[in-house]
Structure formats: structure tokens, C-alpha cells
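Reader: I should like to take a close look at one annotated part of this protein. Could you describe that part with care, and then set it beside other local details of the chain?

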Amino acid sequence: LESSLLTQPWASVCFGESAFLAKACFRDTGYILLISDLSSVWYESADAEAVGQRSKELNKRLTVHVSSFLHHLCKLMCPLLAGQPDATTSFSCHHTAGGLSLHVKSELSGLPFYWDFHCCPAPVEMVSCHLVRPLIRMSLALQYQVQELTSLLLQKDAEIEDYRESGAALSRDRLWTEPFQEETFQQNFMAEVRSSAS
């Protein structure tokens, strides 16, 4: 399940009035859920036996197979993670001692359906694998992309300057641009980043 979770993208979700990043993976054998508020990271991994036991405690009137519970949980969570939450399903969360509890209220077969995800702090290796390393890789990729684009812009400016020195002129004045200044661009960009972070 955790290896399958690696292929799932992070999604921005709201549980009640709280905003989180979340990803999840559901199978007939269980599920794994990962949630972060960018200060802490929590997760829950539950196998079919644990799901069956909890479903008996929370949904005494429902007698369906564990795989049906898991399939229903997937149907409730996946639209939420895709940015299309079901209006008939409500989510709420609250912090517990050392963890995070996510409460789900919906319907199944015409009867009320309840579920609680009991999330505990994610281990360091899981946080590194799912959050830190992907962010660092993406940051490095974006830095490389900026370097390539900067190099291309400087080449284009040199090409345009060569045309001008050869007597070429723009047919439309609105197309004229200032030569690219890398240092000024970097300073302005970092100022914007600091401003948005604060």
C-alpha cells in the first residue's frame, strides 16, 4: 500500500474549517492515508481486519463485507482528493493526544455511515519519502529549468541586438522589450517570494 501511495499526488483539502494536504490509497486489503498541515504529518494504515472491527463498532446496523466498506470509503475520499467533494458527505477533524482524528459521516445502502480515521504522527522516513525528497527533487528541477530559460533569454537578447546593429527595426513598437537583466529578475523574484511567505 505504501509503495502505491508514492504514486498518488498530494491534494489540497478542507476538513471542516482546517486546510490540509492529503493523499490516500485504498485496496480490498486495507488503506493508507497521509495528511499534513505543513507543520506536522500524520498517517493511518489499516488492514482489512482492523477495518472490519472498526466498522462493527461504528456501524452496528450495517452488515456488509469488509471490501464493501473499503470500496465505499474510497468512493467518499477519492472525489474529495480530486477537488469534487460530495455534498452529502461531511468531514471534520480534531487533534488528539499526539495525533489527528478525521470523522466522516455519510450514507451506505440508505443507512447512516460513519468512519473515523485515527492518524498518528508519521515516521521520519515516511515524511522524507513522501514529502521532503519529492520537494527537493522538484526544487532542483525548477532551478535547472530557470537556469536554462535564463541562458535562452540572454541568447535571444544577443540575437536581437545583432539584428538591431545590422539595421533591422521592429514593425510594431509594442513588441519592443527591455533586455533581460538576470540579477534584477532574481532580486524581484526573491522579494515576491518573501512577501507571499509573510
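Author: According to UniProt, in an unreviewed entry, residues 123-171 carry the feature "domain: XLF-like coiled-coil region". In the model, which is predicted, this span is 86% helix and 0% strand. The C-alpha atoms at the two ends of residues 123-171 are separated by 62 Å.

The cysteines provide a further detail. The structure contains zero disulfides. Cys-120, for instance, takes part in no disulfide, and the nearest cysteine sulfur belongs to Cys-119, at 7.5 Å. Because a disulfide requires two cysteine sulfur atoms within 2.5 Å, that distance does not qualify. Cys-120 is partly exposed, with a relative accessibility of 33%.

Cys-74 is likewise in no disulfide. For Cys-74 the nearest cysteine sulfur is that of Cys-78, 3.3 Å away, and this separation also fails the requirement of lying within 2.5 Å. The relative accessibility of Cys-74 is 23%, and Cys-74 therefore counts as partly exposed, given that the buried class is limited to values under 20%.

A last detail concerns the backbone. Leu-38 is found in the loop that connects strand E3 (30-36) with strand E4 (41-47). Although Leu-38 is not a glycine, its phi is positive, at about 70°. Leu-38 has a relative accessible area of 65% and is therefore classed as exposed, since that class begins over 50%.

Definitions and conventions: Residues are numbered from 1 along each chain as its sequence is written. This is a predicted model: local features need pLDDT of at least 70, side-chain atom pairs count only at pLDDT 80 or more; totals for chains, interfaces and linings use all residues. Side-chain values use heavy atoms; hydrogens and water are left out. Helices (H or I, at least four residues) and strands (E, at least two) are DSSP runs, numbered from the N terminus. Buried means under 20% relative accessible area, exposed over 50%, partly exposed in between (1.4 Å probe, protein chains only). UniProt positions are given in the numbering used here, feature names are shortened, and annotations may be inferred rather than shown by experiment.
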